[in-house]
Amino acid sequence: MPHATASWLVDNTALSFDQIAEFCGLHILEVQAIADDTAGTKYTGRDPVRAHEITMDEIHKGEANPDYRLKMLKGPEPVRRTKGPRYTPVSKRQDKPDGIAWILRNHPEVSDGAIGKLIGTTRTTIAAIRDRTHWNISNIVPKDPVTLGLCSQRELDALVSKAAKKAGIEAPTDSRLDGDREALIEELRRERQDAARRAEEALKSEAELISGAAKILDPFSDNQGQV
């Protein structure tokens, strides 16, 4: 809120317009307009001292020396999220056991810690599903966590690849389309060619229709006067 801060400094200090403009990141003419009440918008002053952006001692230094450049205090460190299980929307939490069961069945090389970070669960829950001691084990059906929306395909592939490399086994590759890729490409190419041919035929028919209509309406056409 640089303009509101400038308004407060203009009203409550003897700092020069240059000092205020530099501190607030404004042009000196903007500060001049605020001081003259000619700014297009009236700003409610914002106290930078209470906002811990500057101290009164620093302001006094500036008031005593017009050439002094005010130093802004370093703001408080932002609160960073600590490491832990990823957040999962409430609507998806009931699907977690199914996703965990799918990974345990299809990728046993993935560690419990890695599963916990990917799905956002605890080692206790993972162990209970593996040992079939989970309280709801009778209703747990292994389902792809990507399909359930618990993670992205890229995240899952990266996790499986890392676990396979660590375990010294070859990471699985998706070869479902290998045999059909050429056929699919050829089919798409044929569809594009058919579409282009139909469009060309349609344009040709439209041109012939317009040409025929023009001859009928042309008063100098040879068709005029024929019975």
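**Close-up 1. The buried residues of helix H7.** In H7, the buried residues are Asp112, Ala114, Ile115, Gly116, Leu118, Ile119 and Gly120. The model shown here and in the other views is a predicted one. Because seven of the nine residues of H7 are buried, this helix is largely enclosed by the rest of the structure. The neighbours against which the buried residues of H7 pack are H6, H8 and H9. An α-helix has 3.6 residues a turn, so residues three or four places apart point the same way.

**Close-up 2. Asp112 and its partners.** Asp112 belongs to helix H7, and the view is centred on the side chain of this residue and the residues around it. Is Asp112 buried or exposed? With a relative accessible area of 19%, Asp112 is buried, because the cut-off for a buried residue is under 20%. The side chain of Asp112 makes a polar contact with the side chain of Arg130, at 2.5 Å. When neighbours within four places in sequence are left aside, the residues in contact with Asp112 are Arg123, Ile126 and Arg130.

**Close-up 3. The largest nonpolar core.** This core has 21 residues, of which Ile100, Ile103, Val110, Ile115, Leu118, Ile119 and Leu156 touch the most other members. At least two residues of this core come from each of helix H6 (96-106), H7, helix H8 (123-130) and H9. Which helix gives the most to this core? That helix is H6, with five residues. Ile100, taken as one example, touches Ile115, Ile119, Thr121, Thr125, Ile126 and Ile129, if residues up to four places away in sequence are not counted. Apart from this core lies another one, made of 16 residues, among them Ala6, Leu15, Ile34 and Ile54.

**Close-up 4. Helix H6 and its covered residues.** Helix H6 is mostly covered, since nine of its eleven residues are buried. The buried residues of H6 are Lys96, Pro97, Asp98, Gly99, Ile100, Ala101, Trp102, Ile103 and Leu104. Two of the names in this view, Ile100 and Ile103, also appear among the residues that touch the most other members of the largest nonpolar core.

**Close-up 5. The largest pocket and its lining.** The largest pocket has a volume of about 360 Å³. Its lining is made up of 13 residues, and those closest to the centre of the pocket are Ser111, Gly113, Ala114, Leu159 and Lys162. Helix H7 (112-120) and helix H9 (153-167) each supply at least two residues of this lining, and the largest share, five residues, comes from H9. How is the lining of the largest pocket divided by class? It has five nonpolar, two polar and six charged residues.

**Close-up 6. Cys151 in the loop before H9.** Cys151 is found in the loop between H8 and H9, and with a relative accessible area of 10% it is buried. Cys151 and Leu118 are 33 residues apart in sequence, while their C-alpha atoms are 6.8 Å apart in space. Over the protein as a whole, among contacts between residues at least 6 apart in sequence, 57% join residues at least 24 apart.

**Close-up 7. Two loop residues with positive phi.** His52 has a positive phi of about 60° although it is not a glycine, and this residue is found in the loop between H3 and helix H4 (56-64). Arg132 also has a positive phi, near 60°, and is likewise a residue other than glycine; its place is in the loop between H8 and H9. His52 is exposed, with a relative accessible area of 56%, and Arg132 is exposed as well, with a relative accessible area of 58%.

**Close-up 8. Gln32 in helix H3, set within the whole protein.** Gln32 has its place in helix H3 (residues 28-35), where, at 30% relative accessibility, it counts as partly exposed. From C-alpha to C-alpha, Gln32 and Asp18 are 9.6 Å apart in space, with their positions 14 residues apart in sequence. Helix H3 is part of a protein that has ten helices and zero strands. Of the 227 residues of the protein, 28% count as buried.

How values were computed
Residues numbered from 1 in each chain as written. Predicted model: local features only at pLDDT ≥ 70, side-chain atom pairs only at ≥ 80, totals over all residues. Heavy atoms only, no water. 1 Å grid on protein atoms, 1.4 Å probe; cavity = no way out; pocket = protein on both sides within 12 Å on 5 of 7 lines; lining within 4 Å. Points joined across faces, edges and corners; volume = space filled by probe spheres on them. Helix = DSSP H or I, 4+ residues; strand = E, 2+ residues; numbered from the N terminus. Nonpolar A, V, L, I, M, F, W, Y, C, P; charged D, E, K, R; others polar. Core = buried A, V, L, I, M, F, W, Y, C linked by side-chain atoms within 4.5 Å. Buried < 20%, exposed > 50% of the residue type's maximum accessible area, 1.4 Å probe, protein only. Contact = heavy atoms within 4.5 Å. Polar contact = N/O pair within 3.5 Å; in protein donor to acceptor, adjacent residues only side chain to side chain.
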